[in-house]
2 protein chains.
Amino acid sequence: MTNILNLTDKHVDADQFGTRATRLSLMARAGIPVPDGVALPFDVVAALADGKMPDLPDDLLARPVAVRSSPGDEAWGGSPAILNIGVNDAFVAKADNARWAVGMYRRLIQNYAVGVDALDPELFENIYYDTLKLADVERVEQLPDADLLGMLAGFKAAYEDETGDHFPQDPKAQLTGALQALAEGWSRTSTRMLRLAKGAPDDAGLGLIVQKMAVGLRADGGSGFVQFVNEMTGRPVVTGRFLPNSQGQDALMGLRTPHMISEAEREAAGQSAQSLEKMNPKAFAELEQLGAKAADALKDAVQVEFTIEDGKVWLLDASAARRSARASVRIAVDMAESGAITRDQALLRIEPRSLVEHLHPQIDPHAKREVFGTGLPASPGAATGKIVFSAEAAMSAEAAEEPCILVRVETSPEDIRGMHAAKGVLTVRGGMTSHAAVIARGLGLPCVVGAGDVRLNAKTRTLTALNGQEFREGDIITVDGTRGQAIVGAPPMIQPELGGSFTTLMDWADAARTIGVRANADTPMDARVARKFNVDGIGLCRTEHMFFEEDRITVMREMILANGEKDRRAALDRLLPMQRSDFVELFEIMHGLPVTIRLLDPPLHEFLPHSRDEMQDLAEAMDIPVSQVINRAEELTEFNPMLGKRGVRMGVTMPEIYEMQARAIFEAAIIVNRKAEQPVVPEIMIPLVSANREVELIKERVDRIAQDVAAELGALTDYRLGAMVETPRAALRAGDLANSSAFLSFGTNDLTQMTYGLSRDDAGRFMRDYVNQGVYPEDPFHTLDTQGVGELMLLAAERGRASNADLILGICGEHGGDPASIEFCKQAEFDYVSCSPFRVPIARLAAAQASIRHAQK
Amino acid sequence: MTNILNLTDKHVDADQFGTRATRLSLMARAGIPVPDGVALPFDVVAALADGKMPDLPDDLLARPVAVRSSPGDEAWGGSPAILNIGVNDAFVAKADNARWAVGMYRRLIQNYAVGVDALDPELFENIYYDTLKLADVERVEQLPDADLLGMLAGFKAAYEDETGDHFPQDPKAQLTGALQALAEGWSRTSTRMLRLAKGAPDDAGLGLIVQKMAVGLRADGGSGFVQFVNEMTGRPVVTGRFLPNSQGQDALMGLRTPHMISEAEREAAGQSAQSLEKMNPKAFAELEQLGAKAADALKDAVQVEFTIEDGKVWLLDASAARRSARASVRIAVDMAESGAITRDQALLRIEPRSLVEHLHPQIDPHAKREVFGTGLPASPGAATGKIVFSAEAAMSAEAAEEPCILVRVETSPEDIRGMHAAKGVLTVRGGMTSHAAVIARGLGLPCVVGAGDVRLNAKTRTLTALNGQEFREGDIITVDGTRGQAIVGAPPMIQPELGGSFTTLMDWADAARTIGVRANADTPMDARVARKFNVDGIGLCRTEHMFFEEDRITVMREMILANGEKDRRAALDRLLPMQRSDFVELFEIMHGLPVTIRLLDPPLHEFLPHSRDEMQDLAEAMDIPVSQVINRAEELTEFNPMLGKRGVRMGVTMPEIYEMQARAIFEAAIIVNRKAEQPVVPEIMIPLVSANREVELIKERVDRIAQDVAAELGALTDYRLGAMVETPRAALRAGDLANSSAFLSFGTNDLTQMTYGLSRDDAGRFMRDYVNQGVYPEDPFHTLDTQGVGELMLLAAERGRASNADLILGICGEHGGDPASIEFCKQAEFDYVSCSPFRVPIARLAAAQASIRHAQK
């Protein structure tokens, strides 16, 4: 059995005594006035639940004490504290029936009855309010002494009626009852289930603290809470509440209006009641000083519970100050800069995902939200605008400089320009990796997808919410892509804030991390965003997006409709200079950083128009019968496009497309390198590989094109050729692939799809059910499935490196921006992760954290 | 360097001397008159190609010799023999210019000039025909002696003109030239590439044989070939050709009409020329006797090349008799029954796939074929009938008792009844595992899919071939599903023949095999076919097919269109008795053999009608607005149905469907077991598992239903619950799955799709290209990909067995009927393979072969 310790002892270990005990011990030992007391370790409390009472110091009950829970983690619960233990008839008599003593006794009876004997709290509340009513007063402070004593008598009588016993008068009996009740409460099945649901381990223990009461009920006394940083910004400021003649949580209860702590806060709120700063400058100064001491002792900005007893300030607890995500960064950076914590500690304190709040506008957390639709939070941030139902309408709105929200059943590549024009996107269908979601994240555009509870009627051009509320084109709505909500009207917003602490933290992250962070960037705009976020290169440039621009899609379609290779080559010859200029621009922006270009991936049918009208237009533009367009589109239709003729399968069977792309890459590299200080080394990536021979075939052709271009332009360019590992088979055969590949990059979206046999576009229908029922612990498109997909990746990494020691390994799926997945990649010693530009800050921080933890092992 | 051996020596090993040398040695040592000679091993011949002449016995050239190739495998080629080496001016003079001697010399010069000096054969053919023309005769036998000598002089002069040298007179020089020419021919790049393409190893060697000539050109002489079994049936019969005064391949050349060997054959052919049997009964009897000896020595039915010299019969070679697949079985069984070979040897000699010729009608191999379309050989056998373009038309034709061929762009579940009604199926699209292919194989229905060179015009109801030939409904065509051809009209057919040797072989196979063979059987009809083929059980009963029957599809659709669980349950209550009666029938047919029932797998949208008209009909039948049908169909549409909400995903999120199925299974088992001698133990299989929790959830529910049914009916039934391993993740997590599963069955179709990221329905577009270019060595949907899919299976087997030693392992994809895949399953020590009923005989033989080879190791 572990020893019971005094709060002033060393080694009050949180793993044995709980976090509160540790906090109090740290504070006590830092000289902060914390009421004396002892901490009971987990094993002693467990024995208590079995009826075994520990030996406690004899003098413990010299004055009233409180019993408080100290679980291993605040979130795991624990019964409320029981205060004023030791107060009894004799105590009150000795105090001459002072109101404060009666108050303590009354509270003890109520707490004890509820907490130990499980009586109904209403019993006492009824007596309480009946007494006020009979005396015709509003608050207990206004009760005449006699009525107050009457209330106490009523409490005692009620206790006796319900339990059949007098209220226990022996302080030791009271303490035993309280300790056992709290210990038993922890082992009850219902509380156990509750904390398991919150992630507590099965054997999570509870510590208990028995601590002398600091009594705030007397004159000159009171209690309150205070924190020393602004909750929203993290800037130093004293903010809190104080209630004279109170104890415990009174200041939070709202029975009386508490006073502000600082004058500044009081003024800002326009409150007339005096601030503590004014009322009791000494206590205020002491609080400021103790707050700083507590922050120093606990190495974090704190929120403090305090009691003033006979003019002296006691700290009852100091926990981490409440803070927004932005405030977290400021606080961590400030603390590291003050030397209170290390930079590594500062980096480890910030939840990487929370950085999105720095990057995108957010709805003011205090604003009222009228939510009319709920979907998946596909791309973070919030945006307000008028509803448009088509890409065209979005472009018109942009031209008119009217912010708009594009609302679609789902989006397709033809909507991309509309998405560029819109401020936010809302779709009725689709999952976290649907077209709309992926593109929106790429654009940093707030987006909610799969809002199945709204109905879009294309004919009547109306959007109808579940409650029947109807919206038309032009109505103002807001999408909150952080929470996945569609909201009526325009709630107040908080704008993004980079720079300052954010930049400092990012710099530290870059210094700490030992794994590269690249961006998935398809366009010059993406590349510029990525550079702004200080990436190590581009890990995935999807060339298909380049062909959807207005001047290109037509040529692309001509290529697809061409009769035979000759016509196809003619169309490709026209695409070549466009593609080359794309790469020239990209290479110039990236200043010699690596750029991984994926050769064309999607099936050709994705580039053809879908509606009869558009087909007609295309046929007219090309001067061919519309039947030819329809026939070709039908020929190209696939049952399962995800598993169809795409990627390298197209490259192998229609070589001229990849040949054009390789040529464009090499020509662009030579053009840029002629004047660049840092030469670019393009990385050419082959998608959807399932057999090594595919890589060999493409490599032969690409190498030949490189030689041709070198001969024509009289200049050589270095390049690397690699394969994208997206099929389970590519992972299994990575040993072969690595023989012909300079790098392997895991396309974890597709790899997840194929490993699970699960289309990301169709998964939305049941994913929520699946995660709720615990079938999948998480959406595997969101967080990497380390047990299945991850095993394939580790296996591929091992086999790949065994046959090619210089092999570069990276990941370029959506998971590249997910902290848990980045941790996995660091453990697997990958060279880099690549994610969408707006996820880069998150990835950089997550990479730093993974690197720090990796080094600590 | 290996020793040169005499043909009468022992240990003339085929791996060192080639197969011909080994054959001749076996024959010579069995006392068969084979002309004396020596065999040169591979290394000696390789040295020869480098110019190093070996030492040969001095007496070798005492009379003329032939030099023949002896490669390691007949299929790998080798230059033609050079005969009559040693013949020269002196030889002819010594023979007094006898016509036979002149003939030998003339042949030697021509062969040598072409084979050794690479002269153009036309040079000599021109002289030959010019001589006949000038003499005004038709055949060389009619030439006057002087003209014959003139022809010889012309040959010699031509040789001299072209080479600048006299024709070599030294027999030793001739022999050296011939040996070196044949040796060099083998190492030429072109011949090397040719044999590599035929599967020869890179270091394949050539042996050579120098053998005394048996001269058939003299009076009483001649040459011919004969075999002793019927090529089509394998029955004993003497059949062959003989040409008097001839040598070498003359009897095959067609310059003169050869004689039949036997009287019976001559009579059957109605030939007037005498048979050898009549002309020379002694030689005929000798041939019969030598043929039997050769068969005994070579342990196979043989085809023999012979020469009669001065009345004596010499055998020049005896190779495996030509035989059809059916004949092979008869021959192997006959030889094993005669004790010439063992049953294991007989079993190993039959190519399992060739058994399809026993099972299905075939087009007579001698028939002329007018092919108008070529596709994939999706289901073997041939069928003739009139063209129908719809399932309805097929059913009408069946009602009118008119055989028909169903021609569709592709088939869908709605065509199944039409496929039942048709004699054969032809589709324009689809791969080896498309719907049409899978169903046709299940029905044993000849089927050609993916005939991309024909065009089906639905409007004009015409089928157009590449050459413009047009077919309309009612035109008679034939599909050859063995070769993948669509043929005009009705060529003659050969009907299937079971029983006899086939049955004997199958019995031996069952005795030899140590791996189970089950059938994939969905219907009572399938199950009856399977029982006829003596299966060990049903490895896969796909329950979805049960819902397409007319009385059920409507209820099924009502279930799908139901508003909420209550209505869905009401529809399911109506499906329950139908489903139960399905299982009762199946269980009764299978007589206590295991029956694995897969719970519903396909996505619900597959059960909804596709055309607007059908939707209208359904809406009217159900008395709901058609928009409700359309909306539901749209809601259910999926981007990638293969990777969508199907299988256990439906089972988890809509529990009532699987609950109904489980109840039907248990009720049926109890009903059948009440009166059955052998109780059935149903095996319930969960499709598309990707996480163990899915199995646990379904198991909980199924176990509960089992208890409910047991309580209601007062009887218990044993059952096993298992998972289908179709996703790579299920394979990786097999260790978990095995904890809650009694069996795991690999669904290798889907597992292949997901491992490759390749839809079987869409793969047809490029699979041929891919296999031709060697990207994939074979279509992985056809032969199991042991390097990728296979690795996952082995890994799953190992992990599964590690956590559950009693785990039953099987395979139930299309690969279950593929011999190479069965070999793999036996090596992995699976418990059974399961394949479509008509593949069962193939699987039983392949399983026997795999078991024999496994035991031999």
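**Close-up views of the chain A and chain B interface and of a sheet in chain A**

**View 1. Salt bridges and polar contacts link chain B and chain A in this predicted model.** Across the interface of chain B and chain A, 4 salt bridges are found, a salt bridge being a side-chain nitrogen of Lys or Arg within 4 Å of a carboxyl oxygen of Asp or Glu. A:Arg799 and B:Glu791 meet through their side chains in a salt bridge, with 2.4 Å from N to O. Between the two chains, 34 residue pairs, both at pLDDT 80 or more, are in polar contact (N or O atoms within 3.5 Å, one able to donate a hydrogen and the other to accept it, with residues adjacent in sequence counted only if both atoms are side-chain atoms).

**View 2. The interface buries area on chain B and chain A.** With contact taken as heavy atoms within 4.5 Å, 52 residues of chain B touch 52 residues of chain A. About 4800 Å² is buried between the chains, 50% of it on carbon and sulfur atoms, where buried area is the accessible area (1.4 Å probe) lost on putting the two parts together, summed over both. In chain B, the residues that lose the most area to chain A are B:Phe639, B:Leu643 and B:Arg729, together 14% of what that side buries.

**View 3. Strands β18-β19-β20 of chain A form an open antiparallel sheet.** Strands are DSSP runs (E) of at least two residues, and two of them pair if DSSP finds at least two bridges between them. Because β18 (454-457) and β20 (470-472) of chain A each have a single partner strand, one side of each is left without a neighbour in the sheet. Strand β19 (residues 462-465) of chain A is joined to β20(A) by 3 bridges, and A:Thr464 stands opposite A:Glu470 in β20(A).

Residues are numbered from 1 along each chain as its sequence is written, and chains are lettered from A in the order in which they are written. Local features need pLDDT of at least 70 and side-chain atom pairs count only at pLDDT 80 or more, while totals for chains, interfaces and linings use all residues, and side-chain values use heavy atoms, without hydrogens and water.

Key
Helix = DSSP H or I, 4+ residues; strand = E, 2+ residues; numbered from the N terminus.
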